[in-house]
Amino acid sequence: MATEQSAAPHAAPDTASASRVPHRWRNLLTLTGVISVDSTEGNATATLFPSISSALALNSGHLGTLAALGKVASVPTGPFWVWLAGRMGRRATLVLSTVLGGLFGVLAGFAQNFGTLLLFNTLMAACLIGASPIANAIIADSFTDGERGKAVGILYGIANTFGQVIGPVIALFTGFTDGWRYGMWAIGAVCILSGLLVAFAFRDPGVGAAEEQLADLDEAARVKNSVTVKSVLSLFRIPTYSVMMLSRLLSGHLLIVIFGIQFLVSERGFSNAVAAVVGIPFGIGYLAGTVGGGYLLALVDQRWPQRGRVAYLQLAQVLFAVVAFFGTQFHYSGGVGIYCVFWALMGFGQGVNPSANRPLVTAVVLPELRGQAFAIWLSVFETVAWAIFALAAGQLAESLGLQAVFLWVMVVCMLLNAAVLGLLHTTYPRDARRVRYALEERRRLAGGAA
């Protein structure tokens, strides 16, 4: 590591080449499909659950179990899909995981009891989780550091808006006898179509293609180190990465996606179809937060290059906590409209996160390790957070009510999260600088070999 830190900058790389990674915008739009189905799976199941609970005699505890087990299954499968992508290629892996997930979604629609539904829903989640870490690594390989916030914002803005908007559409099926089954079949069909789109439209840019220091080198010269168990475990020696893992365990805003509609049905007395309408403003708010936040982050980086991202991320947690407090802790008359406003603001507060936290993680991890870094972060730590929140909330809701659960998880926990992220003001500048030195050293060695 001393060699990396002492390496002086080498001859200026061809940064123009980095900004012209072939097919990068087409790839981004294609990847929104596979990211969308991951979001759609969780949102649609939560949207359909009130109807599923009536048909199969279930309660909020079952919803917590359904959401939690799907996430728990993702803990080993997320890193597995990334490992498989290194062997058979990222495009083939994305197609396989998405199409297979769609088939399990179709089978879930045929479930006659909770056990069968739980099995196929869990298998679907275990397959679809593979798209997220792979897609995030590809975005890092397609856009430079200054562009990644915008790219991630567009990716997650479109993907999650689709996931939220499709909720009310799928909820329309609940008006029919066993309509939730048609909803599950529709989810499965969307997954399969997304996988086929990747097969025909996606082109892999190669690991490290967008790094400014390595832009004019071929992939063999850009990546000298193979991914091993030891190198993956070394991620936890990166202080910034470890703080981000802890932060993920405190991400209480994840609960709104699982229990938001159930809260409006059970605590505020709206019907399933009416409550599902909040998915539209939530999606619009999320889109504004991700896309607008990505462009805002670029301005923040210019003004405060060392610690701007960290402060931006902290403010996002505080914003969500404040809106969640006023949106879930008080009863409002006048219909669902006022809740649509709060859901839009919570969507915005949640949406500004990806455009900051993904580039932040990317900046402190070497290119060849980013796939596994995102797999551990999104598939393991985020999954554990989902599981804890879903199981605990599902059980506590039966005795305390969802309103009390929301107070502790979406308000108090989010404020604590903002405080923990304050540690990054010390760790992030140092860790990002270490990666820059390592990439400059690779270029120096590649130049010497030439």
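**Exercise 1. Determine which residues Arg-148 touches, and describe its setting in this predicted model.**

Solution. Leaving aside residues up to four places away in sequence, Arg-148 touches Ala-140, Phe-143, Glu-211, Pro-359, Thr-362 and Arg-370. The next step is to place the residue: Arg-148 belongs to helix α8, which covers residues 145–171. Its relative accessible area is 3%; the cut-off for buried is under 20%, so Arg-148 is buried. One of the contacts can be specified further, since a polar atom of the Arg-148 side chain lies 2.7 Å from the backbone oxygen of Phe-143. Finally, compare sequence and space: Arg-148 and Ala-356 are 208 residues apart in sequence, yet their C-alpha atoms are 8.9 Å apart.

**Exercise 2. Establish whether Gln-317 is buried or exposed, and identify the residues it touches.**

Solution. Begin with the location: Gln-317 is part of helix α16, residues 308–328. Its relative accessibility is 2%. Because buried means under 20%, Gln-317 counts as buried. Its contacts, again without residues up to four places away in sequence, are His-253, Asn-353, Met-414, Asn-417, Ala-418 and Leu-421.

**Exercise 3. Characterise helix α6 by its span, its N-terminal cap and its burial.**

Solution. First, the span. Helix α6 runs over residues 114–128, a total of 15 residues. From the first C-alpha to the last it reaches 21 Å, close to the 21 Å expected at 1.5 Å a residue.

Second, the cap. The N-terminal end of α6 is capped by Asn-113, a side-chain oxygen of which lies 3.2 Å from the backbone nitrogen of Gly-115.

Third, the burial. Of the 15 residues of α6, 11 are buried, and the helix is therefore largely enclosed by the rest of the structure. The buried residues include the aromatic residues Phe-114 and Phe-120, as well as Leu-117, Leu-118, Met-124 and Leu-128. Cys-127 is also among them, and this residue returns in the next exercise.

**Exercise 4. State how many disulfides the structure contains, and examine Cys-191.**

Solution. A disulfide is a covalent bond between the sulfur atoms of two cysteines. A search of the whole structure finds zero disulfides. Cys-191 is in no disulfide: the nearest cysteine sulfur belongs to Cys-127 and is 9.6 Å away, whereas the cut-off for a disulfide is within 2.5 Å. As for accessibility, Cys-191 is buried, at a relative accessible area of 1%. Cys-413 is likewise buried, with a value of 13%.

Key
Residues numbered from 1 in each chain as written. Predicted model: local features only at pLDDT ≥ 70, side-chain atom pairs only at ≥ 80, totals over all residues. Heavy atoms only, no water. Buried < 20%, exposed > 50% of the residue type's maximum accessible area, 1.4 Å probe, protein only. Helix = DSSP H or I, 4+ residues; strand = E, 2+ residues; numbered from the N terminus. Expected span 1.5 Å × (residues − 1). Polar contact = N/O pair within 3.5 Å; in protein donor to acceptor, adjacent residues only side chain to side chain. Contact = heavy atoms within 4.5 Å.
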